[in-house]
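Hi there,

Here is the structure I promised to pass on. Have a look at it first, and my notes follow below.

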Amino acid sequence: MFSVYRIGDAPICLEKKIYNSPEVVERLEQMFHGKCYLCEKADLQAPEIEHFEPHEGNPKLKYDWNNLYYSCARCNSIKSNRHRNLVDCCSDNIDVVRAIKCLMPRTPDGDVSITQEVNDIRVENTVLLLDRCFNEDGSALRGITRASLIETMYEYFCDFLKYRQIIVNRRTTPREKQDAKDALEVMLQNQFEFSAFWRWHVLTDRKLKNEVEDLINF
Ligand SMILES: [Zn+2]
């Protein structure tokens, strides 16, 4: 999960009881860097507007700008209205990256590891949801969307490991090392896909962490 800064006032269309207007979608797309706020996948083919607090029977929540989030279809359907009382990535009361540890599986068929780092019921609830978002493959369709998600993550993971090896290798030239650090720095930014994972793969790697201490002041 990554931090999001909600920008500007509520779009006018929400007063007219329309929440899926182009203005809302474009504003959310920009704010969330085109990433699903739960799995951090970007360039979504079918992005959805997600209601953070389920709006059933509550029109106020349905058209509340602060309740609208950008998500992929997979995460939206997994969350549905069953997962509540979650960590809010738009709130600056909590460091969402440090609160939830995210690590890649050793093999693509293994489980992504999502663990609670802060003793808080919202973090606990969010860990349960994210675990499902990254790992659930119980039905044929969820199996396909899960495989696609992991393939994309693995492509970036391979890049991450390549940069890591260049940075920690004694034979690397200063220029090669700087290029690899620059590439890694981009991966650690909020706007990069699955950025929470790459941050945690730095934080849990003593050798790499020592080399790139200046890049992880998040
Ligand atoms: Zn998602």
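Helices (H or I, at least four residues) and strands (E, at least two) are DSSP runs, numbered from the N terminus. Residues are numbered from 1 along each chain as its sequence is written. Please keep in mind that this is a predicted model, in which local features need pLDDT of at least 70 and side-chain atom pairs count only at pLDDT 80 or more, while totals for chains, interfaces and linings use all residues.

First, the overall picture. The protein chain holds 9 helices and 4 strands, in the order α-β-α-β-α-α-β-β-α-α-α-α-α from the N terminus. Its radius of gyration (over C-alpha atoms) is 18 Å, and the globule rule (2.2 Å times the number of residues to the power 0.38) gives 17 Å for 218 residues, so the chain is as compact as a globular protein of that length. The C-alpha trace spans about 65 × 40 × 35 Å along its principal axes.

Next, the interior. Buried residues (20 or more other C-beta atoms within 10 Å of their own, with C-beta atoms placed from the backbone; exposed means 12 or fewer, and partly exposed is in between) make up 31% of the 218 residues. The largest nonpolar core (a set of buried Ala, Val, Leu, Ile, Met, Phe, Trp, Tyr and Cys residues joined through C-beta atoms within 7 Å) has 48 residues, and Met-1 is among those that touch the most other members. Helix 6 (residues 140-168) gives the most to this core, with 6 residues. Beyond its neighbours within four places in sequence, Met-1 is in contact (C-beta atoms, placed from the backbone, within 7 Å) with residues including Val-87, Ile-100 and Ala-196.

Strand 1 (residues 48-51) pairs with strand 2 (pairing needs at least two DSSP bridges) in the antiparallel sense over 4 bridges. One of the bridge partnerships joins Glu-50 to Tyr-69 in strand 2. Strand 2 (residues 68-71) is covered on both faces, with Leu-68 and Tyr-70 buried on one side and Tyr-69 and Ser-71 on the other.

Finally, two backbone spots you may want to look at. Most residues other than glycine have a negative phi. Lys-17, in the segment before helix 1 (22-31), has a positive phi of about 65 degrees. Asp-43 has a positive phi of about 50 degrees and lies in the loop between helix 1 and strand 1. Asp-43 counts as exposed because it has 9 C-beta neighbours inside 10 Å, and Lys-17 counts as exposed with 9 such neighbours.

Best wishes

Technical notes
Contact = placed C-beta atoms within 7 Å.
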